[in-house]
Amino acid sequence: SLLFHFGSYRNAMRARGVPDYDDPLVRKHWEDTVRPFLGTIPDSMIAHVVGVQVTEIVALRQNYGIPAHS
């Protein structure tokens, strides 16, 4: 429903008045939120939902040593 209503996680956070993604606390929050999904669904899908570049998701996944979704 988040995608339907806001288009992305980033847009939903903006609607709630949460500061931009450059804020370290906000970044930690969305990274913690997506961590369980890393490697279980395509990086591009996670990036679309969160509203970041695919390269950010790839780097995060690789940082945790999680193989890509196949």
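Trainee: What is the length of the polar contact that joins the side chains of Asp43 and Arg61?

Mentor: This is a predicted model, in which local features need pLDDT of at least 70 and side-chain atom pairs count only at pLDDT 80 or more, while totals for chains, interfaces and linings use all residues. Residues are numbered from 1 along each chain as its sequence is written, and side-chain values use heavy atoms, leaving out hydrogens and water. A polar contact is a pair of N or O atoms within 3.5 Å, one able to donate a hydrogen and the other to accept it. For the side chains of Asp43 and Arg61, the value is 2.8 Å.

Trainee: Does Asp43 count as buried or exposed?

Mentor: Asp43 lies in helix α4 (residues 43-50), a helix being a DSSP run (H or I) of at least four residues. Buried means under 20% relative accessible area and exposed over 50% (1.4 Å probe, protein chains only). Because its relative accessibility is 10%, Asp43 counts as buried.

Trainee: Which residues of helix α5 are buried?

Mentor: Helix α5 spans residues 54-63. Its buried residues include Arg61, the partner of Asp43 in the polar contact. The full set is Ile57, Leu60 and Arg61.

Trainee: Why do these buried residues lie on the same side of α5?

Mentor: An α-helix has 3.6 residues a turn, so residues three or four places apart point the same way. The buried residues of α5 share a side because they cover an arc, taken from the directions from the helix axis to the C-beta atoms, of only 100°.

Trainee: Which exposed residues does the opposite face of α5 carry?

Mentor: This face is turned away from the buried side of α5. The exposed residues there are Thr55, Gln62 and Asn63.

Definitions and conventions: Helices (H or I, at least four residues) and strands (E, at least two) are DSSP runs, numbered from the N terminus.
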